[in-house]
Amino acid sequence: MRVELKRLTTNCRRSAGVAILAVVICAIWGASFAVDRLPEGIFLQNLIGSWKGQAVRTPVGPAPYDITFARIESGAVAGTANPGAALHHWRFFMVAGQMRLRFLSTFRGNTNPTWLYTEEVSSVGAFFRGRDLDHLTVKLELRANELRIDIFLHDAPHVSIRLAPADAG
C-alpha cells in the first residue's frame with residue numbers, strides 16, 4: 001500500500017510538473033502570436049513598408065521624407081528618413097505590453113534619442129508623449145493610402161509629414 005501511494009504521489013507530481021510546463025510553454029507561445037492581434041501589433045504591421053512623401057511643415061520649410069519601415073531582429077519596427085540636414089531614426093517596440101517610440105535626429109551631431117510613451121493606440125494610429133519632454137507629442141495616423149505624422153510642441157504644430165505607400169505610383 002505504501003509503495004503504491006508513493007508511486008501515485010510521484011506520478012501526480014510528475015503530471016503536475018508536466019501540466020505547469022505545458023501552461024508556461026503555451027503562455028509564451030501564445031503571447032508571441034497575441035501581440036500581432038492587439039491594436040499595437042496591427043498598427044506596427046500596417047506601418048511596415050516603403051513610404052514616399054515630404055515633411056510639409058517644418059521649422060525650416062518643406063523637406064523630402066521618404067522612409068522604409070521594416071521589422072528588425074529584436075521584433076521592433078524601425079525606419080530611417082533623410083530629410084537633408086539630418087537622419088531621422090524611428091524605432092517602435094513593445095515593452096511590458098506597451099508600445100514605445102525611440103526617435104533620434106542626428107541634427108547638429110545629436111546622439112541622444114528622445115523616448116516617447118504611448119498615450120493612446122489603435123490599429124490605425126498612435127499618440128505618444130515624451131517621457132522627459134512631456135511638452136512633446138507625436139501622432140501617427142494610417143489612412144487608406146496615407147501615413148500622417150504630426151509632431152507638436154506645447155500642443156502647437158511643429159512638424160507635419162505626409163506619406164503615401166511607395167508602390168502607389
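This passage walks through the fold, strand pairing, core, largest pocket and a few individual residues of a predicted model.

The overall architecture comes first. The protein contains 2 helices and 11 strands, and the order of elements from the N terminus is α-α-β-β-β-β-β-β-β-β-β-β-β. Of its 169 residues, 29% are buried. Among contacts with a separation of 6 or more, 28% link residues 24 or more positions apart. The exposed surface of the protein amounts to about 10700 Å², with carbon and sulfur atoms supplying 58% of it.

The strand pairings can be followed along the chain, beginning with strands S4 and S5. Strand S4 covers residues 77-81 and strand S5 covers residues 88-95. These two strands run antiparallel and are joined by 5 bridges, with valine 77 standing opposite phenylalanine 92 of S5. They form a hairpin with 6 residues between them, and glycine 84 in that turn has a positive phi of about 125 degrees. S5 then pairs with S6, again in the antiparallel sense, over 8 bridges. Here tryptophan 90 stands opposite phenylalanine 103 in S6. The hairpin formed by S5 and S6 has 2 residues between the strands, and alanine 96 in its turn has a positive phi of about 50 degrees.

Farther along, strand S7 (residues 114-122) and strand S8 (residues 125-130) run antiparallel and are joined by 6 bridges. Valine 121 has alanine 126 in S8 as its bridge partner, and 2 residues lie between the two strands of this hairpin. S8 is also joined to S9 by 5 bridges, the two strands running antiparallel. In this pairing phenylalanine 128 stands opposite valine 138 of S9, and the hairpin that joins S8 to S9 passes through 5 residues.

Several residues from these pairings return in the interior. The largest nonpolar core has 28 residues, and those with the most contacts inside it are Phe69, Trp90, Phe92, Phe128, Val138, Leu147 and Ile149. Strand S9, residues 136-143, gives the most to this core, with 4 residues. Phe128 and Val138, both listed among the residues with the most contacts inside the core, are the pair that stand opposite each other in S8 and S9. Trp90, also on that list, is the residue opposite phenylalanine 103.

What is the volume of the largest pocket? The value is about 710 Å³. Its lining comprises 29 residues, of which His88, Phe103, Ser105, His158 and Val159 are the closest to the pocket centre. The elements that give two or more residues to this lining are S5, strand S6 (98-105), S7, S9, S10 and S11. Phe103, one of the residues closest to the centre, is also the residue that tryptophan 90 stands opposite.

A closer look at single residues adds some detail. Alanine 86 lies in the loop between S4 and S5, and counts as buried because its relative accessibility is 7%, under the 20% limit. Leaving aside residues up to four places away in sequence, alanine 86 touches Ala81, Ser105, Thr106 and Phe107. The C-alpha atoms of alanine 86 and serine 105 are 6.3 Å from each other, although the two residues are 19 residues apart along the chain. Serine 105 is in turn one of the residues closest to the centre of the largest pocket.

Serine 50 offers a view of contacts between distant parts of the sequence. This residue lies in strand S1, residues 49-57, and is partly exposed, with a relative accessible area of 36%. Its C-alpha atom is separated by 6.0 Å from that of proline 165, which is 115 residues away along the chain. Beyond residues up to four places away in sequence, serine 50 touches Ile67, Thr68, Ala164, Pro165 and Ala166.

Finally, are histidine 154 and aspartate 155 buried or exposed? Histidine 154 has 61% relative accessibility and aspartate 155 has 64%, so both count as exposed, the limit being over 50%. Histidine 154 lies in the loop between strand S10 (146-153) and strand S11 (156-165), and aspartate 155 also lies in the loop between S10 and S11. Each has a positive phi in a residue other than glycine: near 50 degrees for histidine 154 and near 65 degrees for aspartate 155.

How values were computed:
Residues numbered from 1 in each chain as written. Predicted model: local features only at pLDDT ≥ 70, side-chain atom pairs only at ≥ 80, totals over all residues. Heavy atoms only, no water. Buried < 20%, exposed > 50% of the residue type's maximum accessible area, 1.4 Å probe, protein only. Contact = heavy atoms within 4.5 Å. Areas by Shrake-Rupley, 256 points an atom, 1.4 Å probe, with all protein chains shown as cover. Core = buried A, V, L, I, M, F, W, Y, C linked by side-chain atoms within 4.5 Å. Pairing = 2+ DSSP bridges. 1 Å grid on protein atoms, 1.4 Å probe; cavity = no way out; pocket = protein on both sides within 12 Å on 5 of 7 lines; lining within 4 Å. Points joined across faces, edges and corners; volume = space filled by probe spheres on them.
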